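The following exercises are to be worked with the sequence and the coordinates side by side. Each task is followed by a solution that proceeds step by step.

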Amino acid sequence: MSKTAIELSGVSLKYRSEQKETLALDNFSLEVAAGEPIAIIGASGCGKTSVLNLIAGLLKPTSGTVKVMGEALSGPRSRTSLILQDYGLLPWKTVLDNAALGLIIQKMPVREARARATDALRTVGIEEFARSYPRELSGGMSQRLAMARAMALDSDIMLMDEPLSALDALTREELQKTLIDLWQHHSYTQVLVTHSIEEAALLGRRIVLMTPRPGRIRQVIENPGMGDLDYRHTTEFHDMCRMLRELLMNKGEGSTTVEEVVL
Amino acid sequence: MARFKRILGYVAATVVTLLFWAGLSLAIDNPALPMPQVALAQFAESLPAMIPHLWISLYRIVVSMVIGTVSGTILGLFIGRSHLADLIGAPLLYVLYPIPKIVFVPVLLVLLGLGNAPAIALISTVIFFQTVVTARAAAKSISPDLVQSVRSLGASRIDVARHVVFPSALPSIFTALRISTGTAVAVLFVVESIAGNTGVGFYIVNAWGRIDYATMFAGIIAMALLGVFLYEVINFVENRLVRWAPKPE
Ligand SMILES: Nc1ncnc2c1ncn2[C@@H]1O[C@H](COP(=O)(O)OP(=O)(O)O)[C@@H](O)[C@H]1O
Ligand SMILES: [Mg+2]
């Protein structure tokens, strides 16, 4: 039995603003084994980003516990990388310094940090842009840079928020390949949030279906065939996608909310 | 190429200004507005005598700009990022910012005497307010997502300030500085012309009092060059520090 990397038990999360309270997550429990890639799928607003922020240690649950590598979280953890939807790149730093940022924040000497960042840029295939600024990068390259930042940190947990949703079909496919390759080489634990059925089926060994308001786990689906890019051409993959689509379209037997999943 | 265009621009602007000046001088036909060649010849002649005044004026304005910008940036970014500080800071700024600081010249002259102090105090205050307001707005406009993703790397508040808040505000701070250069030179002139016997402002008003209009204009040219020089220095420093932003123009 492999180690548990991430463990959320009975987590609920409330956002309080001046006018109202939003119960974003309710009784959310999930375990992810070390080295396991999972995908979380659900309509926008169902609490996917909140789940990632909890695992990253940026939010504290209103109730319940979040453990990472067996320890209760008290804040961000250096080997967990969170890649947000807009990539989180700093426009005023070069590509190289963006990749080195995590190491610099950990007080690594600049020279060493840059050397490691250069390796990471090579890993994701954008080393020739090291001296450029993020505004000169395409969406796909920005995503690669965000991944390089995580690689430079030698992350063992990779949290990605809709990493491919803003990309065109061709770039998306290239990056899917990169994501699979990187995960296979580095075998980090990966939590990928998406609203794309294909992406979930391609990149999640388990697929977590969420229902919105409040976000709950509706179902967890095993997807053992996942693991290489060719999977997408198999009937197994197509069956998986069809099943996910049906589950998401069907307004959820036994559920009380009507506007549950809108895709 | 860009540099060549820039120099060409300055030359063209100077020619246009001189032509306009000459035309105006001919039209008005009054010794108070001498022809440009007269003023320029006098400028060349008076320059050695003006140098000490230029140094003093430059010293006053540069020191004030540094004091005003540094303190304004620190305070502005701080209240822009801290909820609590903004609660007190924001209304205070709204009350104080619109007050024309120049009206305090008499008070400052009484309190601080006739040396550098009143000029520096007043100009730094003007620049300080401009910068505080700008820096606060810049700090408030920082994307929370960007801060989140840097925080997820384990960044402390200091790290966020250094890697996110300060660099993101830098372009607007330079814009504020550039805008306040004109005001700073104007305030300098007012302070120097009212009190003391040093600085280009004093030089101009002194010549005016002697009805020596050519010398007065030599001083005016010196003051204008001081403004242009500061403006260029700010551009130079900005180009060094803010390489990442796409340049307008
Ligand atoms: N900072 C916040 N303050 C108040 N409500 C929030 C905040 N962030 C998210 N929410 C609410 O929580 C719910 C879940 O949001 P989120 O986790 O971003 O969902 P998703 O990523 O699936 O779109 C939404 O209804 C959203 O409006
Ligand atoms: Mg989201």
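**Exercise 1.** Which helices of chain B do the buried residues of α9(B) pack against?

*Solution.* The model is a predicted one, and the solution should be read with that in mind. Begin with the residues concerned: in α9(B), the buried positions are Thr215(B), Met216(B), Phe217(B), Ala218(B), Gly219(B), Ile221(B), Ala222(B), Met223(B) and Leu230(B). These buried residues pack against α2, α7 and α8 of chain B. Next, check the geometry of the helix: α9(B) has 29 residues, which at 1.5 Å a residue should span 42 Å, and because its end C-alpha atoms are 42 Å apart, the two values agree.

**Exercise 2.** Determine which residues of helix α8(B) are buried, what covers them, and what follows the helix.

*Solution.* Helix α8 of chain B comprises residues 200–209, and its buried residues are Val200(B), Gly201(B), Phe202(B), Tyr203(B), Ile204(B) and Ala207(B). The cover over these residues includes α2 (36–81), α7 (157–194) and α9 (213–241) of chain B. Just after α8(B), the backbone at Ile211(B) adopts a positive phi of about 55 degrees.

**Exercise 3.** Describe the shell around ligand 1 by its origin and by its chemical character.

*Solution.* Among the residues around ligand 1 are Tyr15(A), Thr22(A), Gly45(A), Lys48(A), Thr49(A) and Ser50(A). Two elements of chain A, β2 (21–33) and α1 (48–56), each supply at least two residues of this shell, and the largest share, 3 residues, comes from α1(A). Sorted by character, the shell holds 3 nonpolar, 8 polar and 1 charged residues.

**Exercise 4.** Trace the open sheet of chain A and place helix α1(A) relative to its strands.

*Solution.* The open sheet has 4 strands in the order β2-β1-β4-β5 (chain A), with antiparallel pairing. Its edge strands are β2 and β5 (71–72) of chain A, each of which pairs on one side only. Strand β1 (residues 4–16) of chain A is joined to β2(A) by 9 bridges, and Leu8(A) stands opposite Leu30(A) in β2(A). Helix α1(A) lies across β1, β2 and β4 (63–68) of chain A, and runs at about 120 degrees to β1(A).

**Exercise 5.** Establish how strand β8(A) is covered and which strands pair with it.

*Solution.* In β8 (residues 189–194) of chain A, 6 of its 6 residues are buried. Thr189(A), Val191(A) and Val193(A) point one way, whereas Gln190(A), Leu192(A) and Thr194(A) point the other way. Strand β3 (residues 37–41) of chain A pairs with β8(A) in the parallel sense over 5 bridges, with Ala39(A) opposite Leu192(A). Strand β7 (residues 157–161) of chain A and β8(A) also pair in the parallel sense over 5 bridges, and here Ile157(A) stands opposite Thr189(A).

Methods: Residues numbered from 1 in each chain as written. Chains lettered and ligands numbered in written order. Predicted model: local features only at pLDDT ≥ 70, side-chain atom pairs only at ≥ 80, totals over all residues. Buried ≥ 20, exposed ≤ 12 C-beta atoms within 10 Å, placed from the backbone. Contact = placed C-beta atoms within 7 Å. Expected span 1.5 Å × (residues − 1). Near = placed C-beta within 6 Å. Nonpolar A, V, L, I, M, F, W, Y, C, P; charged D, E, K, R; others polar. Pairing = 2+ DSSP bridges. Axes fitted to C-alpha atoms, helices over the stretch in contact; angles between N-to-C directions.
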